[in-house]
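Here is a note for a colleague who is starting to read this model. Please keep the sequence and the structure open while going through the points.

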Amino acid sequence: MSESVPAIAATHLVRVFAGNVRALDDVSIVLRPNEFFTLLGPSGCGKTTLLRAIAGLETPDSGSIFLHGQCLDGLPPWRRPVNTVFQSYAVFPHLTVAENIAFGLQMQRRTKPEIAGRVAEMLALVQLGGLEARKPAQLSGGQQQRVALARALATNPRVLLLDEPLSALDLKLRTDMHLELKRLQARVGITFVFVTHDQQEALTMSDRIAVMQAGKIRQIGTPEEIYEHPATAFVADFIGETNLLPATGAGDATYRLAEGQDIKASQTMTGAVSLAIRPERLRLVGAGQGTLQGIVEAAVYQGTDTTTHVRVSPTIRLRIRTQNAAGAPRLGAGDAVGVVIPEDAVRVFSE
């Protein structure tokens, strides 16, 4: 298949549920071959509905979906060359690891030698060699998830769909699985479509991310593009931590906050705006210095860094994240400080 043909192309998808809830609101999207693509957004934004539409588990009211140039409209799930891995793993409890992996191959009526060879290959791929005779109840959550992945990959799908598959795992195991999934995707060389509401998961694993809100795609880009250059105030606020400040622009790249303080930015906009500033781009200095003045409300130690909460005015509070260094002074509640805000750290969005 030509690399110029999209792995998935969805055009003008609309899906309306009872109560006129537009789960998909004119969604168009193009996924490249062999990329790790993440659908990211809060609950109810439409990301799972879009994934289910690709799988054939949800029928759009209008629009079309193409997979490697093949129109999927009207094609039932079992005839689509995709597989889905769900949050619940859905491994068969009465079958062994090897039997779980072999299940789809048996449905395809593969020969016994083919099945045995493919099962061995999948066991090696997900690093479960030696566990093929165990039942799911004898495995950890992470191992069960690997079985589900191996079973989904065994039948050579053109696209693998993953619906929040790591959300049931504990934090450390989930972090380990981030790297594991990325390794698997690179090894098998097919498109992964991953659904999550976890921003860190999306930033860690994805080649590109689509941020969704209220049935619409608000921005598509690489993790760096999404984080460093958000297209809207919603994207800036949803991805990572952000200080969002309402302000008014006069057209000279200076923005006035509600209590009269001025902040300079590298963008020029007039009227009511929102200023988005990442906590790690701010710097604490002594009282009387910097862009704004404030009082420390709390300094939260987080191991590698400290997040300092500074009250600038009755309605304005900032979070400043500073990397911890040996011998650095510790600030406490009530300390007066200044906050330096670099102009290029301020993103400006119209209200």
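**Notes on the predicted model**

1. The strands E1 and E2 make a hairpin with three residues between them, and in its turn Gly-19 has a positive phi of about 85°. Please bear in mind throughout that this is a predicted model.

2. The pairing within that hairpin can be followed residue by residue, since E1 (residues 8-17) and E2 (residues 21-31) run antiparallel and are joined by eight bridges. One place to look is Leu-13, whose bridge partner in E2 is Val-27.

3. Which other strand pairs with E1? Strand E4 (residues 62-67) does, running antiparallel to E1 and joined to it by five bridges, and in this pairing Ala-9 stands opposite Phe-66 of E4.

4. Turning to the chain as a whole, it holds eight helices and 20 strands, and its C-alpha trace spans about 80 × 50 × 40 Å along the principal axes. Of its 351 residues, 46% are buried, and among the contacts with a separation of 6 or more, 66% are between residues 24 or more positions apart.

5. The largest nonpolar core has 35 residues, and those that touch the most other members are Ile-101, Leu-149, Leu-160, Leu-162, Leu-181 and Phe-192. Two or more residues each come from helices H2 (97-107), H3 (112-125), H4 (141-154) and H5 (171-188), and likewise from strands E7 (159-163) and E8 (191-196). Helix H4 gives the most to this core, namely seven residues.

6. To see one member of that core in its surroundings, consider Leu-162, which, leaving out residues up to four places away in sequence, touches Leu-51, Val-85, Leu-149, Leu-181, Phe-192, Val-193, Phe-194 and Val-195. There is also a second, separate core of 26 residues, which includes Ala-10, Phe-37, Leu-75 and Val-159.

7. Is Thr-308 buried or exposed? This residue lies in strand E17 (residues 305-313), and it counts as buried because its relative accessible area is 4%, where the cut-off for buried is under 20%. Apart from neighbours within four places in sequence, Thr-308 is in contact with Leu-284, Val-296, Ala-298, Ala-299, Leu-318, Arg-319 and Ile-320.

8. Finally, for the surface and the charges, the chain has an accessible surface of about 16400 Å², with 52% of it belonging to carbon and sulfur atoms. The chain carries 35 positive and 34 negative charges, and the mean positions of these two sets are 6 Å apart.

Technical notes: Residues are numbered from 1 along each chain as its sequence is written. This is a predicted model: local features need pLDDT of at least 70, side-chain atom pairs count only at pLDDT 80 or more; totals for chains, interfaces and linings use all residues. Side-chain values use heavy atoms; hydrogens and water are left out. Buried means under 20% relative accessible area, exposed over 50%, partly exposed in between (1.4 Å probe, protein chains only). Contact means heavy atoms within 4.5 Å. Accessible areas come from the Shrake-Rupley method with a 1.4 Å probe; for residues, only the protein chains shown count as cover. Lys and Arg count as positive and Asp and Glu as negative; His and the chain ends are not counted. The place of a charge is taken as NZ of Lys, CZ of Arg, CG of Asp or CD of Glu. Two strands pair if DSSP finds at least two bridges between them. A nonpolar core is a set of buried Ala, Val, Leu, Ile, Met, Phe, Trp, Tyr and Cys residues joined through side-chain atoms within 4.5 Å.
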